[in-house]
Structures are given as structure tokens and as C-alpha cells.
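Notebook open, coffee at hand. I wanted to look up the fold, the core and the odd backbone angles, in that order of curiosity.

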Amino acid sequence: MIGRLNHVAIAVPDLDAAAAQYRDMLGANVGPAQDEPDHGVTVVFIDLPNTRIELLAPLGAASPIRGFLDKNPSGGIHHVCYEVDDILAARDRLQAQGARVLGDGEPKIGAHRKPVLFLHPKDFNGTLIELEQV
């Protein structure tokens, strides 16, 4: 059901500093910051030959990333994103097997302007999983 790894998301306390670190120290191709108000984050994508890294920083007081950074002040891996061909079929199959979809269970439009869903980390070995329809 899942396809390729789309990205690994890392929550960071300082988006500019993290982007500079990837660009200047690691020589990575770092994209511009983009606000995602529907998700409460500002993101920067780093393109790698085989996947992407997504740097996440809070956008607004109600950002879901704030709680993560309160527990992990230096930042850390927040979630992994896998591609799926049909997000509704994936959701239905996962729910039928007992997996919990976060939010209202309906896909939202993500940073790549494609439908996404998040799966509860307690159902996947402590890892928050994002599914993105491609």
C-alpha cells in the first residue's frame, strides 16, 4: 500500500538557523520557507537525491509543533511521510485494521498541495506517520 518515502520531518526551534546549517554545513539544496496556516507550521524543504527533509517550526500559538518542541527543546524527528496512490482507500483499509487517523479522518491539503492524513503514533511503534496522495 505505501509507496516511497516522501520526506522525514524534523521539528526545529529556529527555522532560519536549521536551514542555514543544512545549506552551509551540509551543502544541501534548501528551498524557501512557506507558511502552512492550516497545519500551524512554517516549513522548509531540503531536496536530496532520494527523498526530502522537511524542517518544521511553529506558526502561531496553537501550533501542534509547540508541544513537541516543549518536550524536545533542541528539536528532533517529528514524523515520516509515505506516498500512497489513493489516500481514501488507504485510510479505509487502515481504519478497518484498527489504526487511528488523527483529526476528523478527512484528508487536508498539505505543503505539497496534495491530500494528506496523519496516523496516530501509538499505532505505529511511537512514530507519527503522514500519508500523502501522489
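Before anything else I fixed my burial terms: buried means under 20% relative accessible area, exposed over 50%, and partly exposed in between, with a 1.4 Å probe and protein chains only. I also noted that this is a predicted model, where local features need pLDDT of at least 70, side-chain atom pairs count only at pLDDT 80 or more, and totals for chains, interfaces and linings use all residues. Residues are numbered from 1 along each chain as its sequence is written, and side-chain values use heavy atoms, with hydrogens and water left out.

**Entry: backbone angles.** I looked for positive phi outside glycine and wrote down two residues. Asn125 has a phi of about 60°; this residue sits in the loop between β8 and β9 and, at 81% relative accessibility, counts as exposed. Arg113 has a phi near 65° and lies in the loop between β7 (108-109) and β8. With 54% relative accessibility, Arg113 counts as exposed too. I flagged them because most residues other than glycine have a negative phi.

**Entry: fold.** I took helices (H or I, at least four residues) and strands (E, at least two) as DSSP runs, numbered from the N terminus. The chain has three helices and nine strands, and their order from the N terminus is β-α-β-β-β-β-α-β-α-β-β-β. The radius of gyration is 15 Å, close to the 14 Å that the globule rule gives for 134 residues, so the chain is as compact as a globular protein of that length. For that I used C-alpha atoms, and the rule is 2.2 Å times the number of residues to the power 0.38. Of the 134 residues, 41% count as buried.

**Entry: core.** Which residues have the most contacts inside the largest nonpolar core? I found Tyr22, Val30, Ile46, Ile53, Leu55 and Leu131, in a core of 25 residues. Such a core is a set of buried Ala, Val, Leu, Ile, Met, Phe, Trp, Tyr and Cys residues joined through side-chain atoms within 4.5 Å. Its largest share, four residues, comes from α1. A second, separate core of nine residues includes Val41, Val43, Phe45 and Leu69.

**Entry: one residue up close.** I picked Ile46 and left aside its neighbours within four places in sequence; among its contacts (heavy atoms within 4.5 Å) are Tyr22, Val30, Ile53 and Leu55.
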